[in-house]
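Please open the model in your viewer and keep the sequence panel beside it, since the tour moves back and forth between the two.

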Amino acid sequence: MPDKVGVGLIGCGGMGSHHARNLAEIEGAHLRGFADVRSEAAQQLQEEVGCDYCTTDPQDLFNDDLIDVVLICTHHDLHVPLAIEAAEAGKQLFVEKPLALTIEGCEQIEAAVARTGVKLMAGFQARFSPFIAKLKEVIPTPLVMVGQLVDPRWGDDSWANDPIEGGGNVLSQGCHLFDAMYWLAGAEPTTVYAEGGNLTHPNIPEITDSVVATIRFANGCVASAINGDFGSPALAGKAFYELFGGAKTATLYGYYGEPAIKFWGVEPADFTMEDLPSDYRDGSAAHGYVDEMRALIDWVGKDIDPVNAAKVTDGLRATKIGIKAIESIRTGQPQNL
Ligand SMILES: NC(=O)c1ccc[n+]([C@@H]2O[C@H](COP(=O)([O-])OP(=O)(O)OC[C@H]3O[C@@H](n4cnc5c(N)ncnc54)[C@H](O)[C@@H]3O)[C@@H](O)[C@H]2O)c1
């Protein structure tokens, strides 16, 4: 492999552009090709961060021998076909969350990864956040957890609410919460019981926009996970995690604004942006996006296993918890995971 990892990006919208800006700052990465069906989106990003060429056809990236890793940052319905094609072409993969909107879709990607032997990282950047790392460090085996990821109501015409392209808030956004709950519990989830359903989008009955789930983990930890687009938590902020460890409690709040942790039973009792090295004090680094891309490039370029990263089984698990929570809402029964 040449000195630098050749990067191909599919989907130059909000998230693809964010990753490209971070990759442009990583010495070991070479931005090679950008693909977007909206040619102006790829060209605009090329003007901003630079790359060798733009295309409207992802196939051009799969055929390019100078591309080692492909980032798939499209809407959700394209993750499965693009990931399978890229894997078959021998490209290493980064797939934005959710890996897929169905368990079967995730399993198809998992099978393609196993068949071709490529690497796959899934876009759960919170695992690289110093705030999430601090929670794990202080309370590695919580007894009880509360996790909340709540948005103001998404528009009915938002792509993320389209049943095919997006899947609604619980499948689209809730996967972040479900992955974080697993990561913080430190054990596999075994059962989920949930209430909720379609509370805010009666015009789109196919989607689930609200869930209040109880998740049990193999180590005995139990969690309450609340997710949907039914408001804006004025005090706690969009994302909120509380871990109870018996003699210690940690509460992470304001995660998408000015993240901070309050501890009980731990000194010092506060952990804030001020406690981070100066280059982690912006939103992208504090949320883990920067280290996520560094880990991806080190994995592909130097074969350094990214121990914090979500891999294909993690992407599958997160979607599975959401699907089984929806199944639990529908049936009124707890579901095995
Ligand atoms: N990890 C996070 O925190 C986070 C945050 C936001 C979005 N996301 C995820 O990132 C992904 C993209 O979301 P977004 O908000 O950037 O969406 P977006 O609508 O801003 O961008 C999607 C882009 O894909 C392009 N596209 C559509 N079909 C294509 C095709 N066949 N080939 C190439 N490009 C195509 C679109 O033209 C668009 O530019 C989703 O999976 C989303 O859930 C993750």
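In which loop does Ile207 lie? Select Ile207 in what is a predicted model, and you will find this residue in the loop between β8 (189-197) and β9 (210-217).

Is Ile207 buried or exposed? Ile207 is buried, because 24 other C-beta atoms lie within 10 Å, and the cut-off for calling a residue buried is 20 or more. To see part of that surrounding, add Asn161, Pro163, Gly167, Gly168, Asn198 and His201 to the selection; Ile207 touches each of these, leaving aside residues up to four places away in sequence. Then select Val170 as well and draw a line from C-alpha to C-alpha: Val170 and Ile207 are 8.3 Å apart in space, although 37 residues separate them in sequence.

Now clear the selection and turn to the sheet. Show β3, β2, β1, β4, β5 and β6 as a cartoon, and they appear in that order as an open sheet of six strands with parallel pairing. At the edges are β3 (53-55) and β6 (120-122), each of which pairs on one side only. If you look along the sheet from one strand to the next, the twist averages 20°.

Within this sheet, select residues 5-10 for β1 and residues 29-35 for β2, two strands that run parallel and are joined by six bridges. A useful place to centre the view is Val7, which stands opposite Leu31 in β2.

Next, add residues 14-24, which form helix α1 and pack on the sheet, where the helix touches β1, β2 and β4 (69-72). The direction of α1 makes about 155° with that of β2. Follow this with residues 39-49, helix α2, which lies across β2 and β3 and runs at about 160° to β2.

Finally, zoom out to the whole protein, which has eleven helices and 15 strands. Its radius of gyration is 20 Å, close to the 20 Å that the globule rule gives for 337 residues, so the protein is as compact as a globular protein of that length. Taken along the principal axes, the C-alpha atoms fill a box of roughly 55 × 45 × 35 Å. If you colour the protein by burial, 50% of the 337 residues should come up as buried. A contact map gives another view: among contacts with a separation of 6 or more, 68% are between residues 24 or more positions apart.

Key
Residues are numbered from 1 along each chain as its sequence is written. This is a predicted model: local features need pLDDT of at least 70, side-chain atom pairs count only at pLDDT 80 or more; totals for chains, interfaces and linings use all residues. Helices (H or I, at least four residues) and strands (E, at least two) are DSSP runs, numbered from the N terminus. A residue is buried if 20 or more other C-beta atoms lie within 10 Å of its own, exposed if 12 or fewer, and partly exposed in between; C-beta atoms are placed from the backbone. Two residues are in contact if their C-beta atoms, placed from the backbone, lie within 7 Å. The radius of gyration is taken over C-alpha atoms; the globule rule is 2.2 Å times the number of residues to the power 0.38. Two strands pair if DSSP finds at least two bridges between them. Axes are lines fitted to C-alpha atoms, for helices over the stretch in contact, and angles run from 0 to 180 degrees between N-to-C directions.
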